[in-house]
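User: I should like to go through this structure and ask what justifies each of the terms applied to the model.

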Amino acid sequence: MKQVKQRVLLLEHTPNPEAAIAAAAKLCYSGLELDEIVGKCYEQDNTKFLTMLQDVDHLSPYEHASFVFAVEGVSRALLAQITRHRLASFSVRSQRYVSEQEFGYIVPPSIEALGQKAIDKYAKQMKQMDAWYKEWQETLGGKGEKSNEDARFVLPNATETKFVITMNARELLHFFKLRTCERAQWEIRELAWSMLALVLKVAPNLFAKAGPGCCNTGCKEGKKACGIAGQIIKRQRDLVEQAKKEFEAGK
């Protein structure tokens, strides 16, 4: 058994997502032939046009670009949260077909902050649950998936899972607005910021305004506001600025 850390990769995305979205949007407004619209969008800088689409909240064209991520080192608790984003597609490692013996587990920062004694106590508890899991596998006949599917009921939310997730750009904007907010749970917030950093590298103009409400329309949390909006806004702006520099340098 071992503690694991979160890791996310951008596996694939729509080729030239900014041009694809610009072409889809301009088709709505232009009387030009399709070849001419597409040709211009794939040749010119679409930054101002994409900014305008976000400013007027015309985001349906954003649904024409998709991004595929691979995620590991996250908990089943996070899985329960992220699957609430119903416009995403998921492929998740099965706990029936894959045995969870010696499972990896996630340690919350709040427990780590208590020091090594607390971390050791937590690890001991994970080990005990692993022993219970193995015991139930054996009691249920050790028959692979038939035993795994019920033995897993004693496993904790801390158990590591791995999954592939696909979202279109519009759903990602919604996801980032909710999950990069300081009011979001720490683990999914960490994942959201990592995913934002990845998509900014390939489509900085699509996601230049992506982030929590405080970065755009203002915080809506009222008395539950985090109180550090300035820090969050700076973090988002620094991330966007760096991504745009790297994107331009890579052209």
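Analyst: In this predicted model, Ser91 stands opposite Val164 in E6. A second residue, Ala70, also stands opposite Val164 in E6.

User: What makes E4 and strand E6 a pair?

Analyst: Two strands count as paired if at least two bridges are found between them. E4 and strand E6 (residues 160-168) are joined by four bridges in the antiparallel sense, so the criterion of at least two is met. Within this pairing, Val92 has Phe163 of E6 as its bridge partner.

User: How do you know that E3 and E6 are paired, and in which sense do they run?

Analyst: Eight bridges join E3 to E6, and the requirement is at least two; they therefore qualify as paired. The two strands run antiparallel.

User: Why are strand E2 and strand E4 called edge strands?

Analyst: The open sheet has four strands in the order E2-E3-E6-E4, with antiparallel pairing. Strand E2 (7-13) and strand E4 (89-92) each pair on one side only. On average, neighbouring strands of this sheet are turned by 20 degrees against each other, direction ignored.

User: Which strands does Helix H8 lie across, and at what angle does it run to E6?

Analyst: Helix H8 (residues 169-179) lies across strand E3 (66-75) and E6, and its direction makes an angle of about 125 degrees with E6.

User: How do you know that the span of Helix H1 is close to the expected one?

Analyst: The expected span is 1.5 Å times one less than the number of residues. Helix H1 (residues 17-29) has 13 residues, for which 18 Å is expected, and reaches 19 Å from its first C-alpha to its last. The two values are close.

User: What does "buried" mean for residues of H1, and what do they pack against?

Analyst: A residue is buried if its relative accessible area is under 20%. In H1 this applies to Pro17, Glu18, Ala19, Ala20, Ile21, Ala22, Ala23, Ala24 and Ala25. The buried residues of H1 pack against E2, helix H2 (34-43), helix H3 (47-55), E3, H8 and helix H9 (186-202).

User: What makes a residue part of the lining of the largest pocket, and which lie nearest its centre?

Analyst: A lining residue has an atom within 4 Å of a point of the pocket. There are 14 such residues, and Asp57, Leu59, Lys177, Lys209 and Asn216 lie nearest the centre. H8 supplies the largest share of this lining, four residues. The space in the largest pocket is about 410 Å³.

Conventions:
Residues numbered from 1 in each chain as written. Predicted model: local features only at pLDDT ≥ 70, side-chain atom pairs only at ≥ 80, totals over all residues. Heavy atoms only, no water. Axes fitted to C-alpha atoms, helices over the stretch in contact; angles between N-to-C directions. Contact = heavy atoms within 4.5 Å. Buried < 20%, exposed > 50% of the residue type's maximum accessible area, 1.4 Å probe, protein only. 1 Å grid on protein atoms, 1.4 Å probe; cavity = no way out; pocket = protein on both sides within 12 Å on 5 of 7 lines; lining within 4 Å. Points joined across faces, edges and corners; volume = space filled by probe spheres on them.
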